[in-house]
Amino acid sequence: MGAQDTLPVAAAFTETVNAYFKGADPNKCIVKITGEMVLSFPAGITRHFANNPSPAALTFRVINFSRLEHVLPNPQLLCCDNTQSDANSKEFWVNMPNLMTHLKKVSEQKPQATYYNVDMLKYQVSAQGIQSTPLNLAVSWRCEPTSTDLRIDYKYNTDAMTTAVALNNVQFLVPIDGGVTKLQAVLPPAVWNAEQQRILWKIPDISQKSENGGVGSLLARFQLSEGPSKPSPLVVQFTSEGSTLSGCDIELVGAGYRFSLIKKRFAAGKYLADN
């Protein structure tokens, strides 16, 4: 990196969706989406800053900013102009002396690192109930003294994300009490953990390209020795690469830097469904 070159910087948006579904009533779905934006600097940048003690200020604009709420910029590193009139984008600039001090300290602590991640923004995304969940859920139980019928309906929801991307490593986990003696009619096949008394369905990915456009059902019947079962929450996990739920993006303002990569991803946090 010569003195005249633009310096490479990478950015990553990572969001977590927490959701609670109650029965099949979409109006009872509670959603909270949180996110963070991290900038990543190559290790060589510390040498560059050492040779150029007054570098160009790093300034960027966050697009679709109006979708965010409770935004917390890193108080040591980020400044912004609160008088800006455009609600859809917001400009931030980095306190360069503080950034240089921070990166120098990190490089001394982690001499082997090839890049340094720096937290820049934490935020919440304004969510609109069930429409904001990438996987809609409804769970129903029929609990008899000697058997339990469990049905889980799921639906992939493209409207929740900016770009329709697959949900990967989707797991549906449900504890079943009542002394399960036998599993009957499990569709699709699932893993039963007798020790922990819970059933686990694993689906590698769910997307528009899945069967029925990502709409499906999981069914199981359990024979019991100490029934009836007491319905317990379904826990769902998934990850996703290549999109966010907020639709946020970032662009550089001014010269001196270039984006080498912009990563976007989201994952399930506490993602639960109840009877």
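This is a tour of one predicted model, going from the whole chain to its sheet, its core and one loop residue.

Before selecting anything, note that residues are numbered from 1 along each chain as its sequence is written, and that side-chain values use heavy atoms, with hydrogens and water left out. Because the model is predicted, local features need pLDDT of at least 70 and side-chain atom pairs count only at pLDDT 80 or more, while totals for chains, interfaces and linings use all residues.

**The whole chain**

Colour the chain by secondary structure, and two helices and 17 strands appear; helices (H or I, at least four residues) and strands (E, at least two) are DSSP runs, numbered from the N terminus. The radius of gyration, taken over C-alpha atoms, is 24 Å, well over the 19 Å that the globule rule gives for 275 residues, so the chain is more spread out than a compact globule; that rule is 2.2 Å times the number of residues to the power 0.38. Along the principal axes, the C-alpha atoms fill a box of roughly 75 × 45 × 30 Å. Of the 275 residues, 41% are buried, where buried means under 20% relative accessible area, exposed over 50%, and partly exposed in between (1.4 Å probe, protein chains only).

**The nine-stranded sheet**

Next, select the strands of the open sheet, whose order is 4-7-2-1-17-15-10-13-12 with mixed pairing; two strands pair if DSSP finds at least two bridges between them. At the edges are strand 4 (68–73) and strand 12 (191–193), each of which pairs on one side only. From one strand to the next the twist averages 20 degrees; axes are lines fitted to C-alpha atoms, for helices over the stretch in contact, and angles run from 0 to 180 degrees between N-to-C directions.

Now add helix 2 (residues 96–109), which packs on the sheet and touches strand 2 (30–42), strand 7 (115–125) and strand 17 (257–274). The direction of helix 2 makes about 125 degrees with that of strand 7.

Move to strand 10 (residues 167–175), which is joined by eight bridges to the antiparallel strand 13 (residues 198–206) and pairs in the antiparallel sense with strand 15 over four bridges. Select Asn 168 to see both pairings, since its bridge partner in strand 13 is Asp 205 and its bridge partner in strand 15 is Thr 239.

Then show the side chains of strand 15 (residues 234–241), where Leu 234, Val 236, Phe 238 and Ser 240 point to one face and are buried, while Val 235, Gln 237, Thr 239 and Glu 241 point to the other and are not. Five bridges join strand 15 to strand 17 in an antiparallel arrangement, and within strand 17 the bridge partner of Ser 240 is Phe 266.

**The nonpolar core**

Phe 238 also belongs to the largest nonpolar core, of 73 residues, where it is among those that touch the most other members, together with Leu 39, Leu 135, Leu 137, Phe 172 and Tyr 271. Such a core is a set of buried Ala, Val, Leu, Ile, Met, Phe, Trp, Tyr and Cys residues joined through side-chain atoms within 4.5 Å. Strand 1 (residues 7–22) gives the most to this core, with seven residues.

**A loop residue**

Finally, select Pro 145, in the loop between strand 8 (135–143) and strand 9 (147–156). Pro 145 is exposed, with a relative accessible area of 54%. Leaving aside neighbours within four places in sequence, Pro 145 is in contact (heavy atoms within 4.5 Å) with Leu 224, Gly 227 and Pro 228.
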